[in-house]
Structure formats: C-alpha cells, structure tokens
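Open the model in your viewer and keep the sequence panel visible. The stops below say what to select and what is there.

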Amino acid sequence: MRGKADVIIAHSGNAIFPAAVRKIIKGGKLVFLCHEPPRFLYDLWELTLTRHGIVGKAILHFVAPILRFIDKWSVGKADVSYVLSKYSASQFKDIYGKLPL
C-alpha cells in the first residue's frame with residue numbers, strides 16, 4: 001500500500017491489524033467487514049483448548065490474551081464495521097461491546 005488512501009477496507013480479521021496500523025501511520029478512514037470474529041479466542045475457547053496437548057495449551061494461555069488485545073484494539077480503530085448477518089452482529093456486540101452496521 002503506497003501513498004495516502006482516503007479509505008482502507010479490511011475484509012477479514014487477518015487484515016484488520018495491518019489496516020489499523022496503516023491508518024495510524026498514514027491516515028484515512030478504516031472500514032472493517034467482519035465475516036466472523038476470531039471465535040477460537042472467545043466463545044470457542046474451551047473447544048480450542050481441547051484440540052491441543054499440554055504444551056499447546058500452555059502456549060495458548062500465554063498468547064491468547066495478547067491476540068485478544070490486538071484484535072480488540074484493531075477493531076476499535078475502525079471508523080465503521082459491517083457484518084454479514086444478525087448472528088454475526090450478535091457475536092460482534094458480545095465480543096467488541098458495540099453494534100456494527
């Protein structure tokens with residue numbers, strides 16, 4: 001991404017962090033289209049843990065709070081967030097504490 005963009009559109013959770021950092025550095029509006037929050041970090045956390053051994057669980061317990069912080073910080077930088085369904089909107093509100101459009 002070169003130059004100054006008027007609008008940055010992040011189409012997934014993987015794109016929101018670099019888009020949020022770019023917004024801070026170069027400016028512009030940030031639009032986030034959330035297909036689905038990273039549920040493995042939130043409502044599917046217990047299921048995520050069952051899929052890993054003791055070392056994996058230890059790593060996840062260390063890394064997950066960092067990933068949650070980055071996720072919530074990045075989504076908070078979006079000027080507007082969209083979701084694809086009422087179900088996704090409910091998940092979005094539960095996780096991020098705000099309603100998307």
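Select Lys and Arg in one colour and Asp and Glu in another: the chain of this predicted model carries 15 positive and 7 negative charges. The mean positions of the two sets of charges lie 6 Å apart.

Next, show the chain as a cartoon. Four helices and three strands make up its secondary structure. Follow the cartoon from the N terminus and the elements come in the order β-α-β-α-α-β-α.

Now reduce the display to C-alpha atoms and turn the view along the principal axes. The box that these atoms fill is roughly 45 × 30 × 20 Å.

Switch on the surface for the whole chain. About 6500 Å² of the chain is accessible, and carbon and sulfur atoms hold 64% of that area. Colour by burial next: 35% of the 101 residues count as buried.

Then display contacts within the chain, keeping those with a separation of 6 or more. Of these, 45% join residues that are 24 or more positions apart.

The last stop is the largest pocket. How much space lies in it? The volume is about 220 Å³. Select G13, N14, P38, L41 and D71, which lie nearest the centre of this pocket among the 13 residues that line it. Finally, colour helix 1 (13–26) and helix 3 (54–76): these are the elements that each give two or more residues to the lining of the largest pocket.

Conventions. Residues are numbered from 1 along each chain as its sequence is written. This is a predicted model: local features need pLDDT of at least 70, side-chain atom pairs count only at pLDDT 80 or more; totals for chains, interfaces and linings use all residues. Side-chain values use heavy atoms; hydrogens and water are left out. Buried means under 20% relative accessible area, exposed over 50%, partly exposed in between (1.4 Å probe, protein chains only). Contact means heavy atoms within 4.5 Å. Accessible areas come from the Shrake-Rupley method with a 1.4 Å probe; for residues, only the protein chains shown count as cover. Lys and Arg count as positive and Asp and Glu as negative; His and the chain ends are not counted. The place of a charge is taken as NZ of Lys, CZ of Arg, CG of Asp or CD of Glu. On a 1 Å grid over the protein atoms alone, a cavity is a set of points where a 1.4 Å probe fits but cannot get out, and a pocket is an open set with protein on both sides within 12 Å along at least five of seven lines; lining residues have an atom within 4 Å of a point. Grid points are joined across faces, edges and corners, and a volume is the space filled by probe spheres set on the points.
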